[in-house]
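Please take a moment to look over the sequence and turn the model around before reading on. We will then walk through it together, step by step.

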Amino acid sequence: MTLNLELSPALEARLSEEAARRGISTEEYARTLLEGALGWPAATPEGGRPFYETATPEEWEREFDAMIEELGDETTPVIPMELLRREHLYEDRGL
């Protein structure tokens with residue numbers, strides 16, 4: 001089935017940008033988004049097997065990097081490792 005959608009230039013640019021970041025075509029990325037929204041497994045050449053079964057290490061790394069980039073909140077403070085020691089975590093309990 002062919003489906004034509006009118007997208008705003010901003011949405012089209014964002015869709016293309018995300019697809020390029022994942023190394024797939026814009027059409028394939030849009031199809032994956034629609035399948036995900038409908039709760040269907042993404043169609044793959046392997047017969048619809050999930051990502052975790054078919055992904056190469058490079059694909060895992062690319063997806064992980066994309067996830068980290070989406071989080072991208074640089075305002076989160078860094079917690080010094082010293083404060084993560086048991087003595088600091090439980091100091092009010094006398095442990």
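What follows goes from the overall fold to the helix contacts, and then to the largest pocket.

Let's begin with the whole chain, keeping in mind that this is a predicted model. The secondary structure amounts to 5 helices and 0 strands, and reading along the sequence gives the pattern α-α-α-α-α. How much of the protein counts as buried? Of its 95 residues, 8% fall into that class. You can also ask how far apart in sequence the contacting residues lie. Taking contacts between residues at least 6 apart in sequence, 26% join residues at least 24 apart.

Now turn to helix 1, which spans residues 9–22, and start with its neighbour helix 2, residues 26–38. The axes of these two helices come within 8 Å of each other and cross at roughly 100°. Angles of 65 to 115 degrees count as roughly perpendicular, so helix 1 is roughly perpendicular to helix 2. On the helix 1 side, the contact is made by Leu15, Ser16, Glu18, Ala19 and Arg22, which meet Thr26, Tyr29, Ala30 and Leu33 of helix 2. By class, this contact has 5 nonpolar, 2 polar and 2 charged residues.

Ser16 is worth a stop along the way. This residue sits in helix 1 and belongs to the contact with helix 2 just described. Is Ser16 buried, exposed or something in between? Its relative accessibility is 29%, and because buried means under 20% and exposed over 50%, Ser16 counts as partly exposed. The C-alpha atoms of Ser16 and Glu27 are separated by 8.8 Å, with the two residues 11 apart along the chain.

Helix 1 also meets helix 4, which covers residues 57–71. Here the axes come within 9 Å and cross at roughly 140°. The two helices are therefore oblique to each other. Glu18, Arg21 and Arg22 of helix 1 are in contact with Arg62, Glu63, Ala66, Glu69 and Glu70 of helix 4. Sorted by class, that contact holds 1 nonpolar, no polar and 7 charged residues. Glu18 and Arg22 may look familiar, as they are also listed in the contact of helix 1 with helix 2.

Finally, let's look for empty space. Rolling a probe the size of a water molecule over the atoms reveals where such space is left. The largest pocket holds about 740 Å³. It is lined by 19 residues, and those closest to its centre are Leu5, Glu27, Ala30, Arg31 and Leu34. Which elements give two or more residues to this lining? They are helix 1 and helix 2, and helix 2 gives the most, with 8 residues. The lining as a whole divides into 11 nonpolar, 3 polar and 5 charged residues. Ala30 thus appears twice on our walk: it is in the contact of helix 2 with helix 1, and it is among the residues closest to the pocket centre.

Notes
Residues are numbered from 1 along each chain as its sequence is written. This is a predicted model: local features need pLDDT of at least 70, side-chain atom pairs count only at pLDDT 80 or more; totals for chains, interfaces and linings use all residues. Side-chain values use heavy atoms; hydrogens and water are left out. On a 1 Å grid over the protein atoms alone, a cavity is a set of points where a 1.4 Å probe fits but cannot get out, and a pocket is an open set with protein on both sides within 12 Å along at least five of seven lines; lining residues have an atom within 4 Å of a point. Grid points are joined across faces, edges and corners, and a volume is the space filled by probe spheres set on the points. Helices (H or I, at least four residues) and strands (E, at least two) are DSSP runs, numbered from the N terminus. Ala, Val, Leu, Ile, Met, Phe, Trp, Tyr, Cys and Pro count as nonpolar, Asp, Glu, Lys and Arg as charged, and the others, Gly among them, as polar. Axes are lines fitted to C-alpha atoms, for helices over the stretch in contact, and angles run from 0 to 180 degrees between N-to-C directions. Angles under 35 degrees count as roughly parallel, over 145 as roughly antiparallel, 65 to 115 as roughly perpendicular and the rest as oblique. Contact means heavy atoms within 4.5 Å. Buried means under 20% relative accessible area, exposed over 50%, partly exposed in between (1.4 Å probe, protein chains only).
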